[in-house]
Amino acid sequence: TYDNEVTLRVDNTLTLAGTFTLAGSLLLAGKDVTLSNTSINISGPGQHLRIEADNDVLIGNIAPQAGDTAATAVDVSATAEVSIVAGGDVVVGYNAALFSTADASKVAITAENVMLAGTVRGGGYRNSANANTIEWSGKNALVTIDAAKLLYVGGTGLDEDGAVVAQWGGNLESSGRMLISAGKNSSNVGVGIGTSSKVSVDATGDGTFAAVTAGYLQLVSSG
């Protein structure tokens, strides 16, 4: 639904940490929004998470340092839609994941720059009962990215020993359609995809679904 059962709105920076399990929709809004060490699970049918920021939205560990052991991972899911609208940048760290879970669900990100070192999956979830693997759960999902300047998939992460991985692969995935629109930055680059990163549409969800409609990926960039 498009109403919000819970709204958290602040005049300055909204910083959220902790575990939130909701049946209804949630709106987070502020000048900047930061999620760290956060789990948000919205499980009611047709419900959504919306994040609005005048400036930046920062999710997870966006600047990993060698040996860092702080708890910063973020896992966000909603049945119908996860949407983020920022006047500045949206940065999804290597240990952060955004999911829409149901059939025909949607993940939508609109910002000046979108930097994705973590995971965005339309039609998926993290299975805590199976070693926290990322699995498919909803067919015909839609992922939209609208970056006024740059979309970059990939970044820097930490391995299990806390060592820096300079070419950490981001994952941008959908079980139905993906629509990417980007402008260009000062280097005339609109879309960048790191060497270890994945941008894909799989209408079968690795064989989870019997695809009725073929997957579709559209990428438009001025750079």
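Strands, in this tour, are DSSP runs of E of at least two residues, numbered from the N terminus. The structure to be explored is a predicted model.

**First stop: a loop near the start of the numbering**

Select Ala23. This residue lies in the loop that connects strand S2 (13-22) with strand S3 (26-30). Is Ala23 buried or exposed? Its relative accessible area is 56%, and residues over 50% count as exposed, so Ala23 is exposed. Now display the residues around Ala23. Leaving aside residues up to four places away in sequence, Ala23 touches Ile42, Ser43, Gly44 and Gln47. Next, add Ile62 to the selection and draw a line between the two C-alpha atoms. Ala23 and Ile62 are separated by 39 residues in sequence and by 29 Å in space.

**Second stop: the whole chain**

Zoom out and colour the protein chain by secondary structure. How many helices and strands does the protein chain have? There are zero helices and 24 strands. The radius of gyration is 16 Å, close to the 17 Å that the globule rule gives for 223 residues, so the chain is as compact as a globular protein of that length. Rotate the C-alpha trace: along its principal axes it spans about 40 × 35 × 35 Å.

Of the 223 residues, 45% count as buried. Consider also the contacts between residues at least 6 apart in sequence: 60% of these join residues at least 24 apart. Switch on the surface, of which the protein chain exposes about 10000 Å², with carbon and sulfur atoms supplying 49%. The protein chain carries 11 positive and 21 negative charges, and the mean positions of the two groups are 7 Å apart.

**Third stop: strand S10**

Select residues 96-100, which form strand S10. Five of the five residues of S10 are buried, so this strand is largely enclosed by the rest of the structure. Which residues lie on each side of S10? Ala96, Leu98 and Ser100 are on one side, while Ala97 and Phe99 are on the other, and all are buried.

Add strand S7 (residues 74-78), which pairs with S10 in the parallel sense over five bridges. Within this pairing, Ala78 has Ser100 as its bridge partner. Then add strand S13 (residues 119-122), which runs parallel to S10 and is joined to it by four bridges. Here Leu98 stands opposite Val120.

**Fourth stop: strand S12 and its partners**

Select strand S12 (residues 113-116) together with strand S9 (residues 89-92); the two run parallel and are joined by four bridges. Val92 has Leu116 of S12 as its bridge partner. Now include strand S17 (residues 151-153), which is parallel to S12 and linked to it by three bridges. Leu116 stands opposite Val153 in S17.

**Last stop: two loops with positive phi**

Select Ala104, in the loop between strand S10 (96-100) and strand S11 (106-111). Although Ala104 is not a glycine, it has a positive phi of about 60°. Its relative accessibility is 60%, and Ala104 therefore counts as exposed.

Finally, select Asn140, in the loop between strand S15 (133-136) and strand S16 (142-147). What is the phi of Asn140? The value is positive, about 55°, although Asn140 is not a glycine. With a relative accessible area of 41%, Asn140 is partly exposed.

Definitions and conventions: Residues are numbered from 1 along each chain as its sequence is written. This is a predicted model: local features need pLDDT of at least 70, side-chain atom pairs count only at pLDDT 80 or more; totals for chains, interfaces and linings use all residues. Side-chain values use heavy atoms; hydrogens and water are left out. The radius of gyration is taken over C-alpha atoms; the globule rule is 2.2 Å times the number of residues to the power 0.38. Buried means under 20% relative accessible area, exposed over 50%, partly exposed in between (1.4 Å probe, protein chains only). Contact means heavy atoms within 4.5 Å. Accessible areas come from the Shrake-Rupley method with a 1.4 Å probe; for residues, only the protein chains shown count as cover. Lys and Arg count as positive and Asp and Glu as negative; His and the chain ends are not counted. The place of a charge is taken as NZ of Lys, CZ of Arg, CG of Asp or CD of Glu. Two strands pair if DSSP finds at least two bridges between them.
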